[in-house]
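Me: Please take one part of this model and go through it slowly, from the whole down to single residues. I would like to see how that part sits in its surroundings, with the reasoning spelled out.

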Amino acid sequence: MALAASLKEADITAALAACQAADSFKHKEFFVKVGLTAKSPDDIKKAFAVIDQDKSGFIEEDELKLFLQNFSASARALTDAETKAFLKAGDVDGDGMIGMDEFATMVKG
């Protein structure tokens, strides 16, 4: 996956292992474990571009559901509850999507 190029494989594996069980995904913990919080703003923009699969400039709910698969093709999809909580945490302006600035704030927060 494209995100593996800027992140350590061991960090990705550990972060995915920590949220293998349904309803165990916590975005703040995941960003720290996978190493994204320590990355530069440019690297965070690159990660956003990978997650924004339809290149709309926003991460929508359907893209969030498949969030973990951006790190490993074999990763599970997020549950509906995890997806909704993730979207609620990042969608500061209430438009139902996460923009680049909102994503960067989530990662660094």
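Reply: Two terms are needed before anything else: a helix here is a DSSP run of type H or I with at least four residues, a strand is a run of type E with at least two, and both are numbered from the N terminus. The model is predicted.

With those terms, begin with the record. An unreviewed UniProt entry lists "domain: EF-hand" for residues 39-74 and 78-109. In the model, residues 39-74 are 44% helix and 6% strand, and the C-alpha atoms at the two ends of the span are 24 Å apart. For residues 78-109 the figures are 62% helix and 6% strand, with 21 Å between the end C-alpha atoms.

The part to look at closely is helix H6, residues 100-108, but the whole chain comes before it. The protein has six helices and two strands. Read from the N terminus, the order of the elements is α-α-α-β-α-α-β-α. The radius of gyration is 12 Å and the globule rule gives 13 Å for 109 residues; these are close, so the protein is as compact as a globular protein of that length. The C-alpha trace spans about 35 × 30 × 25 Å along its principal axes. Of the 109 residues, 41% are buried. Among contacts with a separation of 6 or more, 55% are between residues 24 or more positions apart.

Now H6 itself. Its buried residues are Met100, Glu102, Phe103, Met106 and Val107. Around the helix axis they cover an arc of only 160 degrees, which means that they sit on the same side of H6. The spacing follows from helix geometry: an α-helix has 3.6 residues a turn, so residues three or four places apart point the same way. The opposite face, turned away from the buried side, carries the exposed residues Asp101 and Thr105.

What lies over the buried side? The elements that cover the buried residues of H6 include H2, helix H3 (41-51), strand E1 (58-59), helix H5 (80-90) and strand E2 (98-99).

One residue of H6 deserves a separate look. Phe103 has a relative accessibility of 1%, and the cut-off for buried is under 20%, so Phe103 counts as buried. To see what Phe103 packs against, look at the aromatic rings. A pair of aromatic rings is described by the distance of the centres and the angle of the planes. Counted with a limit of 6.5 Å between ring centres, the aromatic pairs number 11. One of them joins Phe25 and Phe30: the centres are 5.6 Å apart, the planes meet at 50 degrees, and the pair is tilted. Phe25, at 8% relative accessibility, is buried, and so is Phe30, at 3%.

The pair that involves H6 is made by Phe31 and Phe103. Their ring centres are 5.8 Å apart and their planes are at 85 degrees, an edge-to-face arrangement. This pair links distant parts of the chain, since Phe31 belongs to helix H2 (residues 27-34) and Phe103 to H6, 72 residues apart. Phe31 has a relative accessible area of 0%, which makes it buried. Both rings also belong to a wider group: ring pairs link Phe25, Phe30, Phe31, Phe48, Phe67, Phe71, Phe86 and Phe103 into a cluster.

H2 comes up again at another helix. In H1, the buried residues are Ile12, Ala15 and Leu16. Viewed down the axis of H1, they fall within an arc of 95 degrees, so they line one face of the helix. H2 is among the elements that cover them. H2 is thus named both in the cover of H1 and in the cover of H6.

Two residues outside the helices serve as a contrast to the buried ones. Ala4 is in the segment before helix H1 (9-18). Its relative accessibility is 35%, and the range from 20% to 50% is called partly exposed, so Ala4 is partly exposed. Ala4 and Asn70 are 66 residues apart in sequence, and their C-alpha atoms are 8.8 Å apart. Ser56 lies in the loop between H3 and E1 and is partly exposed, at 36%. Ser56 and Lys45 are 11 residues apart along the chain, with 14 Å between their C-alpha atoms.

Technical notes. Residues are numbered from 1 along each chain as its sequence is written. This is a predicted model: local features need pLDDT of at least 70, side-chain atom pairs count only at pLDDT 80 or more; totals for chains, interfaces and linings use all residues. Side-chain values use heavy atoms; hydrogens and water are left out. UniProt positions are given in the numbering used here, feature names are shortened, and annotations may be inferred rather than shown by experiment. Buried means under 20% relative accessible area, exposed over 50%, partly exposed in between (1.4 Å probe, protein chains only). Rings of Phe, Tyr and Trp (its six-membered ring) pair if their centres lie within 6.5 Å; planes under 30 degrees apart count as stacked, over 60 as edge-to-face and the rest as tilted. The arc is that of the directions from the helix axis to the C-beta atoms. Contact means heavy atoms within 4.5 Å. The radius of gyration is taken over C-alpha atoms; the globule rule is 2.2 Å times the number of residues to the power 0.38.
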